[in-house]
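Trainee: Please take me through one part of this model closely, the surroundings of the ligands. I would like a connected account rather than a list.

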Amino acid sequence: MDADDLEYVLGVHEGSVVAMADGYARATGRPAFVSLHVAAGLANGIIGLLNASRSRTPMVVTAGQQDRRHLLQDPMLSGDLVGLAKSAVKHTFDVQHAHDLPLMLRRAFALAVQAPAGPVFLSIPMDLLAEDTDVELPARSVLAPTGPATSLDAAADLLAAATRPAIVAGDGVGREDAVAELVAIAESLGADVFHQPMHDGIDFPGRHPLHAGALPPVNSAINKALTGYDAVFVVGCHAFMPHHYSPGPAIPHTARIVQLDSDPGEPGRNFAVSLGLVGGIKLSLAALAPLIAARVSTEDHTVEPRHESRWTDANSRALAAYGPAPFDPLAAVHAIVAGLPEDAVIVEEAITSGLLFRSVWPMDRPGSLVHTVGGGLGMGIGAAIGTHMGDPTRPVVAVLGDGCAMFGLQGLWSAARYRIPVTFVIMNNGEYKTLKDTMDREGSRASEVGTYPGLDLSPTRLDYTRAADFFGVPAFRPTDLASLTEAIAKSTTSGTPLLVDVPITGHPSH
Ligand SMILES: Cc1ncc(C[n+]2csc(CCOP(=O)(O)OP(=O)(O)O)c2C)c(N)n1
Ligand SMILES: [Mg+2]
């Protein structure tokens, strides 16, 4: 590599590599560049591309196509690369001439960051790389940021006239660094603020008195949570990507909806809006805040801590559940939080433990959470590595389900090779707990019989310290929760990777 401003980072599995790029792009706020190997390598990376599309992570991804001189004969590892990538990325390029590469790459990077941001794919035949061509190194374009939306006066009229407004803070708010601006608006309106379902960043401070928690990922439950509000301001939210089907709309018909997004495809996409606004989220909210403040009187409402009990209840339940290994999962995540430095970034891919973790972690500091709304497992380990590479000044702790970890374990190879000081915490319940919970909710008799077909990871708990050892990552299994807290606190300043294998209780079995 001749370019000294590029660092070429290696991984041994494409899933880990794309996840690393995702974490890196989010930490730096710039598109990451990924190079994969032919059709098979692209196929391995596709889960990560689907996640990046959902999470709006900009990246440019290339894969080498087979030599065109025998492509017609279906050589090994060739395939329809563009066709494979198409459903997982926002745009594809089938490069056929070396002299097209600079222009195509420029377009790819431009498209990757354009709202909605996402991955862009280029297929590059290997014989093309041997072509001689005179190309100029592409100069960089300087683009001014997207401006504020129009019709903000009308939006302010509508929101200020509401007697009971709610706000849904979507991941666009955190991504576009607009949390402070949204807080100002929420406080002017005295609005309850819900995080979007399964949010993958921090879009409103978790312990702010107006924060009413995250919406559940089911339309009927969202509808229930939003019933009684006469205006709902949906900001930066790909609304709402429910998980389980339920009939009916997510937002009650009685509410007037104002929706703001930098993606012109979003307002009005899944439900009709009274007013759709398209513009840069930070600049739009900054311009909207004084318009609302001028229309409401602060005596109309007081910002009282309406939701504090959610937080204190979870913490007292956690403290009451402290005990010996295998630990209660809520107590275990509480012990992890107790060891976290203030500036830690959490990469969360821990499903049931992840929800518990979010209930006891303050989530106050924007830019401190990495998760994927895409839902494709296997991003946590790689994303944590990329997060640290993108911003080495902040300690990174990955909180991972034992099942999730199995989908991205090869990432530990890169952590060891580059000595990335991430703390990987495996919430080891020996099972896919969330899927057992789903069977219970749906009335399966599995819990009576005591067997859940295919949902235990092994008859005994898998030993993740041995997996870490195999890859050359130091590992530790706590026998009490005080040592777990201590291990988290120490490892975040150790300068080396560490895997902590935390035995937790799982689903009750007979
Ligand atoms: C690639 C992929 N395969 C399968 C799934 C389905 N899935 C969702 S959660 C889950 C289990 C997660 O288990 P674990 O990480 O142990 O968390 P727990 O439920 O035990 O808290 C599975 C298999 C998925 N989302 N993505
Ligand atoms: Mg599990």
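Mentor: What follows goes from ligand 1 to the magnesium ion and then to the cysteines and one helix. Keep in mind throughout that this is a predicted model.

Start with the shell around ligand 1, which consists of 19 residues. The closest of them are Thr352, Asp402, Gly403, Cys404 and Thr434. By residue type, the shell divides into eight nonpolar, eight polar and three charged residues.

Three backbone contacts to ligand 1 can be picked out. A polar backbone atom of Gly375 is 2.9 Å from a nitrogen atom of the ligand. Leu377 also places a backbone N or O atom 3.2 Å from a nitrogen atom of ligand 1. With Cys404 the ligand atom is an oxygen, and a backbone N or O atom of that residue lies 2.8 Å from it. Ligand 1 taken alone exposes 600 Å², and the protein buries 79% of that. The elements contributing two or more residues to the shell are α12 (351-360), α14 (402-406) and α16 (433-441).

Asp402, one of the residues closest to ligand 1, leads on to the metal. The magnesium ion is ligand 2, and its protein donors are Asp402 (OD), Asn429 (OD1) and Glu431 (O), at 2.1 to 2.2 Å. Along the sequence these donor residues follow the spacing D-x26-N-x1-E. Asp402 sits in helix α14 and Glu431 in the loop between β14 (422-428) and α16, so this pair, 29 residues apart, links distant parts of the chain.

Are these two donors buried or exposed? Asp402 has a relative accessibility of 2% and therefore counts as buried. Glu431 is buried as well, because its relative accessibility is 5%. The cut-off behind both calls is under 20% relative accessible area.

Now the cysteines. Cys404, which contacts ligand 1 through its backbone, has a relative accessible area of 4% and so is buried. Cys237 is buried too, at 0%. A disulfide is a covalent bond between the sulfur atoms of two cysteines. How many are found in the whole structure? The search finds zero disulfides.

Last, a residue in another helix. Thr465 belongs to α18, which spans residues 464-471. Its relative accessible area is 18%, so Thr465 counts as buried, given that the limit is under 20%. The side chain of Thr465 makes a polar contact with the side chain of Asp463, at 2.5 Å.

How values were computed: Residues numbered from 1 in each chain as written. Chains lettered and ligands numbered in written order. Predicted model: local features only at pLDDT ≥ 70, side-chain atom pairs only at ≥ 80, totals over all residues. Heavy atoms only, no water. Near = heavy atom within 4 Å. Polar contact = N/O pair within 3.5 Å; in protein donor to acceptor, adjacent residues only side chain to side chain. Areas by Shrake-Rupley, 256 points an atom, 1.4 Å probe, with all protein chains shown as cover. Helix = DSSP H or I, 4+ residues; strand = E, 2+ residues; numbered from the N terminus. Nonpolar A, V, L, I, M, F, W, Y, C, P; charged D, E, K, R; others polar. Disulfide = S-S within 2.5 Å. Buried < 20%, exposed > 50% of the residue type's maximum accessible area, 1.4 Å probe, protein only. Donors = N, O, S within 2.8 Å, 3.2 Å for Na, K, Ca; no water.
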